[in-house]
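The following exercises are to be worked with the sequence and the coordinates at hand. Each task is followed by a solution in steps.

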Amino acid sequence: MTTHAAETTVYDLYIACAGDDRIDRLTFDAETGALAATGESFPAPGIRTSAYDAIRGLFYSGQSGTPASVQVLRRHDDGSLSSVATAEVPDKCVSVALAPDGSALFSASYHGHTVHGLALDADGIPDPPAVAGDAPGEKAHSVLVSPDGAHAYVASLGDDVVVAYEVDGARLREVSRVSSPAGSGPRHQRFNAAGDRLYVLHEMTGLVTVFARDAVTGALAEVQRVDAVPDALDLVPGWARDATKPTPGLDRIWCADLHLAAGGRYLYTTERSTSTVTGFAVDAATGELEYVGTWATEQQPRGAAVVPGADGRDHLIVAGEASGTVGAHQIDPATGELGAAESVATGAGPLWVEPVSR
């Protein structure tokens with residue numbers, strides 16, 4: 001439910017710093033490109049992900065502690081956060097998504113291989129317990145609700161599937177699933193504004209799949225596959241990370257996040273082994289992608305976000321999990337090229353960025 005006023009240029013950036021179990025607040029001026037630390041941080045044990053309800057001013061922190069939980073924090077006019085509620089969820093959170101009408105929050109668990117719904121009351125406060133969930137497949141890495149609120153989609157990195165669910169309050173009912181190539185690892189997903197195209201980034205191969213979405217049935221139909229890891233990066237496919245296998249080296253593809261920018265005209269993906277961002281131009285009619293370029297960014301770019309700017313001059317905000325920094329790249333509205341980043345230090349292990357307009 002995040003919204004941005006068109007005239008706003010100043011943003012608070014809330015950074016999930018997993019290494020320090022806290023949320024750091026930065027400020028960013030989209031007009032000047034100035035990024036600054038505030039020195040403020042807020043406790044969030046086990047934080048991995050977040051979602052923001054701009055209507056109610058509530059920040060939902062998905063946490064992988066013991067027990068796993070969602071912490072609800074109220075955002076105040078000065079940008080500070082205060083905890084107002086905590087609700088347990090059955091499995092550790094790696095992704096959370098709000099229903100567009102604010103009636104429910106959904107959480108996906110990489111370690112629990114599940115997705116769950118949590119009903120929210122009229123004030124946006126969780127009404128536990130969590131609704132009995134579903135097992136979409138191994139290593140459920142992201143959950144995303146369609147802009148119309150009718151369907152939710154879960155990417156199962158371990159089983160190479162994207163599962164479509166019908167949304168009924170906080171309950172999910174599977175309606176279909178589509179398979180990705182074996183070993184590709186679908187990870188993060190983004191909808192275009194119309195909700196008729198879903199973009200899925202695959203962690204281990206760098207594949208980006210463009211799907212057309214049927215708004216009635218929720219079914220996905222593949223439109224295009226493109227490679228977000230150019231040959232020049234000299235990488236080979238990786239494998240899913242868990243305790244049963246050795247950790248892949250930095251010669252392996254390790255993609256993370258993707259975002260649409262400039263009114264949906266460009267799409268950007270992050271790759272952690274080479275600390276790069278790759279950009280594509282988006283065809284307005286078909287949603288198909290055309291390669292624009294690849295640029296250096298923060299070290300081990302785990303999470304990112306787009307901040308709208310004046311005259312279409314958006315910025316891509318990137319969190320460097322290994323460097324403990326966040327950088328802001330200006331996007332050229334005519335070409336999609338990224339400018340060099342201005343970086344600011346954060347707490348350890350920044351891996352999620354939540355921008356909120358002032």
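The exercises below concern a predicted model.

**Exercise 1. Overall fold**

Determine how many helices and strands the protein chain has, and compare its radius of gyration with that of a compact globule.

Solution.
- Step 1. The secondary structure of the protein chain consists of 28 strands and zero helices.
- Step 2. For 358 residues, a compact globule would have a radius of gyration near 21 Å. The protein chain has 19 Å, which agrees with that expectation.
- Step 3. Along the principal axes, the C-alpha atoms fill a box of roughly 50 × 45 × 45 Å.
- Step 4. Of the 358 residues, 57% count as buried.
- Step 5. Among contacts with a separation of 6 or more, 45% come from residues 24 or more positions apart.

**Exercise 2. Surface and charge**

State what share of the accessible surface belongs to carbon and sulfur atoms, and how far apart the mean positions of the positive and negative charges are.

Solution.
- Step 1. The accessible surface of the protein chain is about 13,400 Å². Carbon and sulfur atoms account for 50% of this area.
- Step 2. The protein chain carries 24 positive and 47 negative charges.
- Step 3. The mean positions of these two sets of charges lie 4 Å apart.

**Exercise 3. Cysteines**

Establish how many disulfides there are, and explain why the sulfur of Cys 93 has no bond to that of Cys 17.

Solution.
- Step 1. A disulfide requires two cysteine sulfur atoms within 2.5 Å. By this criterion the count is zero.
- Step 2. Cys 17 takes part in no disulfide, and the cysteine sulfur nearest to its own, that of Cys 93, is 18 Å away.
- Step 3. Seen from Cys 93, the closest cysteine sulfur is in Cys 17; because the separation is 18 Å, the two are too far apart for a bond.
- Step 4. Both side chains can now be placed with respect to the surface. Cys 17 is buried, with a relative accessible area of 0%, and Cys 93 is buried at 1%.

**Exercise 4. Cis peptide bonds**

Identify which residues are joined to Pro 67 and to Pro 129 by cis peptide bonds, and locate both prolines.

Solution.
- Step 1. As background, most peptide bonds are trans.
- Step 2. Thr 66 is joined to Pro 67 by a cis peptide bond with omega of about 0 degrees. Pro 67 belongs to the loop between strand 5 (58-63) and strand 6 (69-75).
- Step 3. Pro 128 and Pro 129 are likewise joined by a cis peptide bond, with omega of about 5 degrees. Pro 129 sits in the loop between strand 10 (114-119) and strand 11 (131-134).

**Exercise 5. Positive phi**

For Asp 21 and Gln 300, give the phi angle and decide whether each residue is buried or partly exposed.

Solution.
- Step 1. As background, most residues other than glycine have a negative phi.
- Step 2. Asp 21, although not a glycine, has a positive phi of about 50 degrees. Its place is the loop between strand 1 (10-17) and strand 2 (22-29).
- Step 3. Gln 300 also is not a glycine, and its phi is positive at about 60 degrees. Gln 300 is in the loop between strand 23 (289-296) and strand 24 (301-307).
- Step 4. Buried means under 20% relative accessible area. Gln 300, at 19%, therefore counts as buried, whereas Asp 21, at 36%, counts as partly exposed.

**Exercise 6. Residues and their surroundings**

Locate Gln 330, Tyr 52 and Ala 334, and describe the accessibility of each.

Solution.
- Step 1. Gln 330 is in strand 26 (residues 325-330) and is partly exposed, with a relative accessible area of 35%.
- Step 2. Beyond its neighbours within four places in sequence, Gln 330 has contacts that include Arg 313, Asp 314, His 315 and Glu 337. The C-alpha atoms of Gln 330 and Leu 144 are separated by 26 Å, with their positions 186 residues apart along the chain.
- Step 3. Tyr 52 lies in strand 4 (residues 47-53) and is buried at 5% relative accessibility. Tyr 52 and Pro 355 are 303 residues apart in sequence, yet their C-alpha atoms are 8.7 Å apart in space.
- Step 4. Ala 334 is in the loop between strand 26 and strand 27 (342-345). Ala 334 is exposed, at 66% relative accessibility. Its C-alpha atom is 37 Å from that of Gly 249, 85 residues apart along the chain.

Notes: Residues are numbered from 1 along each chain as its sequence is written. This is a predicted model: local features need pLDDT of at least 70, side-chain atom pairs count only at pLDDT 80 or more; totals for chains, interfaces and linings use all residues. Side-chain values use heavy atoms; hydrogens and water are left out. Buried means under 20% relative accessible area, exposed over 50%, partly exposed in between (1.4 Å probe, protein chains only). Helices (H or I, at least four residues) and strands (E, at least two) are DSSP runs, numbered from the N terminus. The radius of gyration is taken over C-alpha atoms; the globule rule is 2.2 Å times the number of residues to the power 0.38. Contact means heavy atoms within 4.5 Å. Accessible areas come from the Shrake-Rupley method with a 1.4 Å probe; for residues, only the protein chains shown count as cover. Lys and Arg count as positive and Asp and Glu as negative; His and the chain ends are not counted. The place of a charge is taken as NZ of Lys, CZ of Arg, CG of Asp or CD of Glu.
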